[in-house]
Amino acid sequence: MRVSVLTREYPPYIYGGAGVHVGALVQHLRQKCEVDVQCMGEPRDGATAHPETYPGGANAALRVLGTDVAMAAAVGVADIVHSHTWYANMAGLLTSKMLGIPHVVTSHSLEPHRPWKAEQLGGGYRVSCWAEKTAFLDATAVISVSAGMRHDVLASYTGLDPDRVFVVRNGIDTTDFYPDESTTKLTSLGIDLDKPLVVFVGRITRQKGLVHLVRAARDLDPDTQLLLLAGAPDTPEIEQEFTEAFTALRAIRQSVTWVVDMVPRADLRPILTHATVFACPSIYEPLGIVNLEAMACETAVVASGVGGIPEVVVEGETGLLVPYDPEQADDPAYVAAFEAAFADRINQLTRNPELAAQYGKAGRERCIKEFSWDTIADQTIDVYRRAIELFGSVGR
């Protein structure tokens, strides 16, 4: 089977979970079939890269569509095309039409569930919504990274046939993420290894809910340290909002550290390993690879109970969940209550390190049993075979 994978992100230039997913999936697919990768951005090994430069000076969403055309034109002989995120979905649609082959889409997130992107893209957000919807409705098969995401896909795009929407979850390589007792990086950051440590890893976006964690941190126990590995803000506005909240927190709490630069994996492992709690305050999360990374390092997780997170973090087994209702996001009292509850759940574990350690060990066991990339590659190939059958049955 010859597969063409279309994606914006591809290692080593990645900034989110979709890039992590594609990099790991391609690595394992290549052990089972022939895989070509078309991506966007800087040249790199293992893929053909296309710069987002046409049309020059246009809105970012329009430049993406220009790059989609270049990607589709570069695809050679293939039996199936597989696109990831709206950035590459239209390239997949065009490739499918040009070559007369099935198009499989993976839904890592959904544009209708990320209205804050209008701040980043302006009118381009309407373009991204249109591109995603058009590609999804035309796709031969849609892969959702969680059962929760599958529900959202079918609710958002009611014209989709449920029999064409499959669940193949994100995975984790437990040979890359594992307990690492090194302390060099932590010491260099001024972390006290004898005190509880809460860690956040992610971009500064509304989706990741980092501002909520910073506000919640006002209610953490006095000896608890907070380490934020956070960068790449979506917009100047969200960067300013976070910076103001962080500054206010530092005025009353000194044991808070913010690292802007991306931390190499060799340093991230020991940081996650030594964390008492990994915090994931996302207000929208299709699955949450960062939680798997923390769990693989034997760290307990406190997370929002949204999207696919409850399919990863098992309440009272690998961590604790905090309910969050996006419909009440504009209610200040509700948001304040969510932040207080998040702090309370973290305090429950920092006050009981034995329980946190128990959750951490159970988390790694769950990663090994349930989230192997080799299994996920097999499941993806099964979807490819099903897509070829579906494509042939309707003579597309």
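Two strands count as paired if DSSP finds at least two bridges between them. Helices (H or I, at least four residues) and strands (E, at least two) are DSSP runs, numbered from the N terminus.

Before you start: this is a predicted model, where local features need pLDDT of at least 70, side-chain atom pairs count only at pLDDT 80 or more, and totals for chains, interfaces and linings use all residues. Residues are numbered from 1 along each chain as its sequence is written, and side-chain values use heavy atoms, with hydrogens and water left out.

**Exercise 1. Walk across the seven-stranded sheet and find its edges.**

Step 1. Get the order: E3-E2-E1-E4-E5-E6-E7, an open sheet with parallel pairing. Strand E3 (48-50) and strand E7 (165-167) are the edge strands, each pairing on one side only. From one strand to the next, the twist averages 20°; axes here are lines fitted to C-alpha atoms, for helices over the stretch in contact, and angles run from 0 to 180 degrees between N-to-C directions.

Step 2. Look at the E2 to E3 pairing: three bridges join these parallel strands. Glutamine 38 has threonine 48 in E3 as its bridge partner.

Step 3. Move on to E1 and E2, which run parallel and are joined by five bridges. Here serine 4 has aspartate 36 in E2 as its bridge partner. Going from E1 through H1 to E2, the chain makes a right-handed β-α-β crossover (with the strands pointing away from the viewer, the path from the first strand over the helix to the second runs clockwise).

Step 4. Now take E1 (residues 2-6) and E4 (residues 80-84), a parallel pair with four bridges. Valine 5 sits opposite histidine 82 in E4.

**Exercise 2. Which strands does helix H1 touch, and which does helix H3 touch?**

Step 1. Contact means heavy atoms within 4.5 Å.

Step 2. Helix H1 (residues 17-29) packs on the sheet against E1, strand E2 (34-40) and E4, and its direction makes about 155° with that of E4.

Step 3. Helix H3 (residues 85-99) touches E1, E2, E4 and strand E5 (103-107), and its direction makes about 160° with that of E4.

Step 4. Check E2 itself: five of its seven residues are buried, so the strand is largely enclosed by the rest of the structure. Buried means under 20% relative accessible area, exposed over 50%, partly exposed in between (1.4 Å probe, protein chains only).

**Exercise 3. Do the same for the six-stranded sheet.**

Step 1. The order is E10-E9-E8-E11-E12-E13, again open and parallel. Strand E10 (256-259) and strand E13 (319-322) have a single partner strand each, so one side of each is left without a neighbour in the sheet.

Step 2. Pick a pair: E8 (residues 197-203) and E9 (residues 225-231) run parallel with seven bridges. Glycine 202 is partnered by alanine 230 in E9.

Step 3. Add helix H9 (residues 236-252), which lies across E9 and E10 at about 150° to E10.

**Exercise 4. Classify the ring pair of tyrosine 324 and tyrosine 334.**

Step 1. Rings of Phe, Tyr and Trp (its six-membered ring) pair if their centres lie within 6.5 Å; planes under 30 degrees apart count as stacked, over 60 as edge-to-face and the rest as tilted.

Step 2. The two ring centres are 6.1 Å apart and the planes stand at 55°, so this pair is tilted.

Step 3. Place the partners: tyrosine 324 is in the loop between E13 and helix H12 (332-350), and tyrosine 334 is in helix H12, so the pair ties together parts 10 residues apart in sequence. Both tyrosines are buried.

Step 4. Zoom out: Tyr324, Tyr334, Phe338 and Phe342 make one aromatic cluster.
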